[in-house]
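Q: Please take a close look at the salt bridges in this predicted model. Which side chains pair up, and where do they sit?

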Amino acid sequence: MESSRPARPSHTRVHNDRLALELLLARGPLTAPELVAGTGLSRPTIADLVGRLQRADLIEVVGEDDRARRGPRARLYGIAGRRAHVVGLDLRADGIHVAVSDLSGTVVAERAAPLEPATLDAITAALAVIDDAVDEVGADMPHTIAVGAPGLVDPATGLLRPRGEAAWHAELIDALRLRATTVLVENEANLAGIAELEAGAGRDTFVLLWLGDGVGAATVLDGALRRGASGGAGELGFLPVPGTAGRPSATDCGGGFHDLASGGAVRGLAARHGVTARDDGQAPRDRHGPAAPAALVRAAATGDAGPGGGAFLDALAANVALGAAAISAVLDPGCVILGGPVGRAGGTELAHRVSDHLRSLSPLPTEVLTSAVEGNEILRGAVQVALAATRGALFDGD
């Protein structure tokens, strides 16, 4: 039997450095004694660590401890946010949302712009929006750009297979590789699931059901996002379900769950129940007209859709419950979170109705919640992914 070897000093230093940096990220600026208490490391080790991290420009003095005590005030150390910047992108077929964050996780610039989906013009305009946001904070080059987009992302290659009008997304991503050290690509529903896990209603195991123009899902099991062998986990639009006019095929999700819960299905249900709504400014304006699916659902959920609002919301909930029942039967996640523009617009009213229908379809106890992420969940998830990659590289000395 081989004897165990002691950890090399370099490995120990990396471990200690990351321990201190993660503590600063979790708790904010701390004094050296607080770093000692929080990490369990000795005072000499912390003194050496602080000096090393300052020289690497990973931490800096951000103030002094002003709590009353005898003697000189202790210095407060915090993450040096300016050390690196990351960019999160939410790409849509006809628009782009951008957020720039520093290393501490503070969003320092945001942009949003509509785009015409003609390939060359859309790419040029999108790059201009990204460059403008990066220039605002004086960053030479972002360390990592994380992109959220509709479509399949191959987990082995990181390549996006976009859909329909969004074909220009793949060309834009290629152009971004000249503007950052690292470019990461993720399906929009998966990024929403990551945001939910970090800052929303998520728990160790759950499925986020994305309801928007299309439908999808993010699967989080034991605290980790599961993408599937080809990146297609959660492509619920292709799920065969009762109540549609046909069956989906390998190339067309028509006849699948898409026909019951997509944006087009929401409009159809609303029309049948006499539900109308004006754009309320709480969701991006829909290119098909002011009555975006999210606006229709929000009007029904808040009682502003007239006498047919309740029946419309219940019919939508029954449809959504079919997808949730399939998820429950296969994965037994214990929790399904309704996300995306439509899921968030329906709020607890839609979640409660889906839960009621789901109980009649599945013997497995499954809590149904609405997303609790503030703001744009795709953008938030993209920033989190970019930060995780950048911190991993810098904190480990890569």
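A: One salt bridge joins the side chains of E60 and R82, with N and O 2.1 Å apart. This pair connects distant parts of the chain: E60 belongs to strand β1 (residues 59-64), while R82 is in the loop between β2 (75-79) and β3 (85-92), and the two are 22 residues apart. E60 has a relative accessible area of 24%, so it is partly exposed, since that class lies between the 20% limit for buried and the 50% limit for exposed.

Another salt bridge involves D314 and R353, whose closest N and O atoms are 3.9 Å apart. That value falls within the 4 Å cut-off, so the pair is counted as a salt bridge. D314 is part of helix α10 (residues 309-331) and R353 is part of helix α11 (residues 340-361), so the contact ties together parts 39 residues apart in sequence. D314 is partly exposed, at 31% relative accessibility, and R353 is also partly exposed, at 22%.

R353 has a further partner in E349, and here the closest N and O atoms are 3.7 Å apart. Both E349 and R353 are in helix α11, with a spacing of four residues, or about one turn of the helix. E349 is partly exposed too, its relative accessible area being 35%.

Elsewhere, salt bridges link D17, D48 and R52 in a network. The structure has 17 salt bridges, including the pairs E60 and R82, D314 and R353, and E349 and R353.

Terms used:
Residues are numbered from 1 along each chain as its sequence is written. This is a predicted model: local features need pLDDT of at least 70, side-chain atom pairs count only at pLDDT 80 or more; totals for chains, interfaces and linings use all residues. Side-chain values use heavy atoms; hydrogens and water are left out. Buried means under 20% relative accessible area, exposed over 50%, partly exposed in between (1.4 Å probe, protein chains only).
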